[in-house]
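User: Please take a close look at one part of this complex, the place where the two chains meet. I would also like enough on each chain to put that part in its setting.

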Amino acid sequence: MNYRAIRAIYLFEMARTWRTLLQSIVSPVVSTSLYFVVFGAAIGSRITEVEGVSYGTFIVPGLVMLSVLTQSIANASFGIYFPKFVGTIYEILSAPVSYIEIVIGYVGAAATKSIILGVIIMATAALFVPLHIHHPWWMLTFLVLTAVTFSLFGFIIGIWADGFEKLQMIPMLVVTPLTFLGGSFYSVNMLPSGWRTVTLLNPVVYLISGFRWSFYEIADVGVGLSLGMTLGFLAICMVLVWWIFRTGYRLKN
Amino acid sequence: MLAQPPIISVSNLSKTYGSGFKALKGINLDIKRGEIFALLGPNGAGKTTLISIICGIANLSEGSVTVGGHDINKDYRAARSLIGLVPQELHTDSFETVWATVSFSRGLFGKPKNPAHIEKVLKDLSLWDKKDSKIITLSGGMKRRVMIAKALSHEPQILFLDEPTAGVDVELRKGMWDVVRGLQAAGVTIILTTHYIQEAEEMADRIGVINKGEIILVEDKAGLMQKLGKKHLKLYLQGKVDALPASLAAYNLELTDGGRAVIYDYDTKGERTGITSLLSDLRNAGIHISDLDTTQSSLEDIFVSLVRAP
């Protein structure tokens, strides 16, 4: 293992995060606060409780997941797309590093950033609503797994994209809708049964459900299933990344 | 002294792009340890493709390459650790400082931190006073040097310079060549491509010419110059001559400047250039000379004649 290379890539990416601190950290905090004001205060005044938890409290895990998903993808996809775009990727490709090391460096940094972000959002939420975490270790497990999985997914998008438009396409057209429809702001059990079945095809439901369970012990689907789906998605992303590096897809001619 | 094994050995290397374009066709090339090797060829000849494959940026289609005895695919770590690459295009980060980007390169190649080495590299390349500047604020020539600094940050044994002096002013170019000579003195093998043939002529120990994906010639520079080096002797005549007498036919003289000069081509490697006898035969024929001029064909002439040859 070329640990120094992993460290170099990781620190390089983290330096990018600190350099864009305002955009990276402050803006998600602001948007989360807005969600609280709009959803928590406006809608929450009409829906008082969901499955025994006040609405404002209920949406916290969903809000955290929403940010972690979108930010993981955005960070990781940009992190690898940008060197491709400006050409500095030559150095990574010509360095004595394995693809596993490259992935650990880029995905590790992107995941670190979104985990930090998730924690900040939870802290922000705690200012608005009482927050109690029943299973902190499970919470952390879901948070880390989701951040890593979606950073990997972002990494794949970053390699696949050959223009800024494509870079935005999947997050905008697929991930954000799936997250909004994945029970961030409501319990799947509140839906009519037909819609409920459709919703269960949405992978994000399982992520949010498991994460919410670690907070309040309420879940739309079983925790084991949530964990299984998360790990399954992680495995799919890993296979895709392995294939990309094996074939040199969009990296090497 | 035993001949050392080549530091880079390319065998039967072919590259076909996805589009079906054959960029390289069965390249065989050995680079000797410690030499400066210049790779010349017109645009699209395959120079950059060849370098890209050796450095791991492009996949090869057929054949094999070893660097320091290590196969570039099976043992890519060992092979790539030896190489520093300065690509043709100016690919740099923008918002990082010079110091950060050069230190990053060293880490990427798995070398422990060594601020003293980075300092030396930056000073050698006249970048020391810019070490805390963001790269985006630098001029093109400085960015080029940052890329060289990045390549040298991990103390490579082999340095690839792909068109290193494109867009670099004369003063800077000289400084760059001083650095290259210093590296060679320190035992680094240097492979460069350049459009400035004078540079190859001035810098290189050996020259390879590549055209349409094939190596058409590899030769010691001196040997190449001698092998193909023709000299022109131009003799300016006193007065005008309408036709040359038959007694001078053996010299294949060319009458030029409206009969006021003759050109004699001779081979520098020949033991007898024939100049002495030509001069005496001219005098015997009553033709007197007012001035003379000799020119040697440059590497550029040789190169053009090689590439144009069918």
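Analyst: What follows starts with the contact between the chains and then describes chain A and chain B in turn.

The model is predicted. For the complex as a whole, the predictor reports an ipTM of 0.87 and a pTM of 0.84.

The contact is made by 21 residues of chain A and 27 residues of chain B. On chain A, helix 1 (3–19) and helix 5 (89–94) each contribute at least two residues to the side that touches chain B. Helix 1 of chain A has the largest share of that side, with seven residues. By residue type, the side of chain A that touches chain B consists of 10 nonpolar, six polar and five charged residues.

Now the chain that carries these helices. Chain A contains 11 helices and two strands. Along the sequence, the order of elements is α-α-β-β-α-α-α-α-α-α-α-α-α, which places the two strands of chain A after two helices in that pattern. The radius of gyration of chain A is 19 Å, close to the 18 Å from the globule rule for 253 residues, so chain A is as compact as a globular protein of that length. The C-alpha trace of chain A spans about 60 × 35 × 35 Å along its principal axes.

The UniProt record, an unreviewed entry, annotates "transmembrane region" at residues 21–43, 55–82, 140–161, 167–186, 198–215 and 221–245 of chain A. Two of these spans can be compared with the model. Residues 140–161 of chain A are 95% helix and 0% strand, with 31 Å between the end C-alpha atoms. Residues 221–245 of chain A are 92% helix and 0% strand, and here the end C-alpha atoms lie 35 Å apart.

On the other side of the contact is chain B, with 10 helices and 14 strands. The radius of gyration of chain B is 25 Å, well over the 19 Å that the globule rule gives for 310 residues, so chain B is more spread out than a compact globule. Along the principal axes, the C-alpha trace of chain B spans about 80 × 45 × 45 Å. Confidence in chain B averages a pLDDT of 88, and 95% of the residues score at least 70.

Two sheets of chain B can be described strand by strand. One is an open, antiparallel sheet of four strands in the order 2-1-4-5. Strand 2 (22–31) and strand 5 (70–71) of chain B are at its edges with a single partner strand each, so one side of each has no neighbour in the sheet. Strand 1 (residues 8–16) of chain B runs antiparallel to strand 2 of chain B and is joined to that strand by six bridges. Within strand 2 of chain B, B:Ile27 is the residue opposite B:Leu13.

Another open sheet of chain B has four strands in the order 12-13-11-14, again with antiparallel pairing. Its edge strands are strand 12 (254–256) and strand 14 (289–296) of chain B, each paired on one side only. From one strand to the next, the twist averages 25 degrees. Strand 12 of chain B is linked to strand 13 (residues 261–267) of chain B by three bridges, and the two run antiparallel. B:Thr256 has B:Ala261, in strand 13 of chain B, as its bridge partner.

Methods:
Residues are numbered from 1 along each chain as its sequence is written. Chains are lettered from A and ligands numbered from 1 in the order in which they are written. This is a predicted model: local features need pLDDT of at least 70, side-chain atom pairs count only at pLDDT 80 or more; totals for chains, interfaces and linings use all residues. Two strands pair if DSSP finds at least two bridges between them. pLDDT is the predictor's confidence in each residue, from 0 to 100. Axes are lines fitted to C-alpha atoms, for helices over the stretch in contact, and angles run from 0 to 180 degrees between N-to-C directions. UniProt positions are given in the numbering used here, feature names are shortened, and annotations may be inferred rather than shown by experiment. Two residues are in contact if their C-beta atoms, placed from the backbone, lie within 7 Å. Ala, Val, Leu, Ile, Met, Phe, Trp, Tyr, Cys and Pro count as nonpolar, Asp, Glu, Lys and Arg as charged, and the others, Gly among them, as polar. The radius of gyration is taken over C-alpha atoms; the globule rule is 2.2 Å times the number of residues to the power 0.38.
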